[in-house]
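Let's take a walk through a protein together. Have a good look at the picture first, and then we'll go through it piece by piece.

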Amino acid sequence: MLPLGTVYLVGAGPGDPGLLTLRGRECLARADLVLYDGLVHPLVLRHARGIAQRTARAAGPGGLRLDQAEINRQLIDAARRGLTVVRLKGGDPLIFGRGSEEAHALAEAGVPFEIVPGVTAATAAGAYSGISFTQRDTSSAVAFVTGHEDPGKPASLLDYDALARFPGTLVFYMGLHRVAAIADALIAAGKPPSTPAAVVSRAATPLQRTVVSTLDNLGNDVASAGLQPPSLVIVGDCVTRREQIAWFEKRPLLGQRIGIPRPEGQADPVIECCFELGAEPVLMPLIRILPPADWTAVDAVLQRLHEFDWLVFTSVNGVEQFFGRLWAQGGDARNVGRLKLAAIGTATSEALARRQLRADVVPESFRAEELGAKLGPLVQGQRVLWARASRGRDVLPTLLREAGATMEEVVVYQNIDADALPEPAAALLEAGQLDWIGLSSPSMATRLATLLGPAARAALGRTTRLAAISPVTAEAAAAAGLPVAAVADVFTWQGLLDAIVAARRG
Ligand code: SAH
């Protein structure tokens, strides 16, 4: 019989994918199967290496409709097949999360399991909206309450008289659709109508919004603000003290959705920068990066690296694919020990640095012309190898040959075009809900232009603006008929995002 796999019931935290615990990340990294619920931010799944499947109570795009018994059954079956399984749940698995039902089912089936706590929505909402539930001078207790139950229901487990008398802050989960009924029930049970109350919607996400009111007005104020689930209702004096410390809602790009046309697997640093500024990154890869169809040419050149004086990289992909193959073939950094190294920009030189290799030449601006100009005087009479993509401009080899170098090129990866704008970016763009698209190379600008249908094109300039990473990219966009609203001064994604901040201020 196969040894049983372990099931990890892991809390993913709410909203911000950075709120996952280290233990949670370890479990994701080792799981063969991840079953996650609809509240989990998709970017948390970046840490998973196994198959990830969404479980949803209601059928949605890409989601399976599963009831609780079916989820329990799947967890048990997978463990019996010897798989390591993560059951990933929004917030904390045991706070209104039905994690205990899953744990009981596993225990009954004799399946080993572990429960990994998560940041629950209430504590994240407090931290991200500047509300301290246990503010020392006003509240010495906090209660987490379900707002799901109809307060008018006679069989309700909730005692509103007791809640109205509770000496502290009340936090209702799942209560948005009943906010007026909850407030009325508390008032009817004797809570003063003037009691401060708030709703925090989509806490710890770039779309977070907070409405502060009083119990008697809360229903109306929340309805007129059009707040969306998931939301928490918070009742208590503490909600009035938040303005000064509501740090998250002061982020310069809060709520801005930014399309990131980076290839999958390469957007992580950009995602981090977006979160830091309060923006919501929407990944929309326009190209896919694949290994070469055939490694023969690469392997042959790896055998004779000693014949070259210079090795030139013009992308992070080039570095990763070149050294990945070198390693797979039994080589390592010593094989390039004699060669001088050139990188087109900081991202590429950092990729070398991660391998403990220092680039000898990095131009100020990320341009083949500049790399050519800087390398030209150094490569006369020398043998240069360029580890390149299957496609790209031919400026560099031309310039280096003119400078007197012997050039050789080897294709270390393929870049293949997407044939349509990826979802959900395409739908957001057409619906006028994508605020910006960042363009980080001339080819990305022209590629985007060819993929735009009439509705998407109409949205550009009206509801969606374009930001370019450099003047060269802005020129390419303009030439392709795309209006550019912001151009970076520093030619990095951070620079591009700073240009968006400046454009919004200006
Ligand atoms: N186990 C989860 C709660 C699941 S119940 C936890 O510990 O957070 C689902 C409810 O959680 C929602 O109806 C809402 O009230 C709350 N919730 C979850 N994510 C939230 C978020 N990002 N912002 C505000 N409320 C959230």
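What follows moves from the whole chain to pairs of helices and then to single residues.

First, some ground rules. This is a predicted model, so local features need pLDDT of at least 70 and side-chain atom pairs count only at pLDDT 80 or more, while totals for chains, interfaces and linings use all residues. Residues are numbered from 1 along each chain as its sequence is written, and side-chain values use heavy atoms, with hydrogens and water left out.

Now zoom out. Taken along the principal axes, the C-alpha atoms fill a box of roughly 90 × 65 × 45 Å. The protein has 18 helices and 21 strands; helices (H or I, at least four residues) and strands (E, at least two) are DSSP runs, numbered from the N terminus. The domain assignment, which is automatic or comes from a database, gives domain 1 (7-119), domain 2 (123-248), domain 3 (257-286 + 418-505) and domain 4 (292-417). Going by C-alpha atoms, the centres of domain 2 and domain 3 are 37 Å apart.

How much of the protein is buried? Of its 506 residues, 51% count as buried. Here, buried means under 20% relative accessible area, exposed means over 50%, and partly exposed is in between (1.4 Å probe, protein chains only). Contacts tell you about the chain as well, where a contact means heavy atoms within 4.5 Å. Among contacts between residues at least 6 apart in sequence, 68% join residues at least 24 apart.

Next, let's look at how some helices pack. Two packed helices are described by the angle between their axes and the distance between the axes. The axes are lines fitted to C-alpha atoms, for helices over the stretch in contact, and the angles run from 0 to 180 degrees between N-to-C directions. Angles under 35 degrees count as roughly parallel, over 145 as roughly antiparallel, 65 to 115 as roughly perpendicular and the rest as oblique.

Start with helix 2 (residues 68-80) and helix 3 (residues 99-109), whose axes come within 10 Å and cross at roughly 45 degrees. That makes helix 2 oblique to helix 3. Residues of helix 2, including Ile-71, Leu-75 and Arg-80, meet residues of helix 3, among them Glu-102, Ala-105 and Leu-106. Just before helix 3 in the chain is a loop that runs from strand 5 (85-89) to helix 3 and holds Phe-96. Phi of Phe-96 is near 45 degrees, a positive value in a residue other than glycine. With a relative accessible area of 37%, Phe-96 is partly exposed.

Helix 6 and helix 7 (residues 215-225) are another pair to find, with axes that come within 8 Å and cross at roughly 175 degrees. They are therefore roughly antiparallel to each other. Val-179, Ala-183 and Ile-187 are among the helix 6 residues that meet helix 7, where the partners include Leu-215, Leu-218 and Val-222. Now follow the chain out of helix 6 (179-188) into the loop that leads to strand 9 (196-201), and you'll find Ser-194. Ser-194 counts as exposed, at 53% relative accessibility. Although Ser-194 and Thr-214 are 20 residues apart along the chain, their C-alpha atoms are separated by 5.3 Å. Beyond helix 7, the loop before strand 11 (231-235) holds Pro-230, which a cis peptide bond joins to Pro-229, with omega about -5 degrees.

For a third pair, look at helix 9 (residues 296-303) and helix 10 (residues 316-328), which pack at an angle of about 70 degrees with their axes 11 Å apart. These two are therefore roughly perpendicular to each other. Val-298, Asp-299 and Leu-302 in helix 9 meet Phe-322, Arg-325 and Leu-326 in helix 10.

Further along, Gln-356 sits in the loop between helix 11 (346-353) and helix 12 (368-375). Its phi is near 60 degrees, a positive value in a residue other than glycine, and at 74% relative accessibility Gln-356 counts as exposed. Another cis peptide bond joins Glu-423 and Pro-424, with omega about 0 degrees. You'll find Pro-424 in the loop between strand 18 (406-417) and helix 14 (425-430).

Finally, how many disulfides are there? With a disulfide taken as a pair of cysteine sulfur atoms within 2.5 Å, the count comes to 0. Take Cys-273: its closest cysteine sulfur, in Cys-274, is 7.0 Å away, too far for a bond. Cys-273 is buried, at 15% relative accessible area, and Cys-238 is buried too, at 1% relative accessibility.
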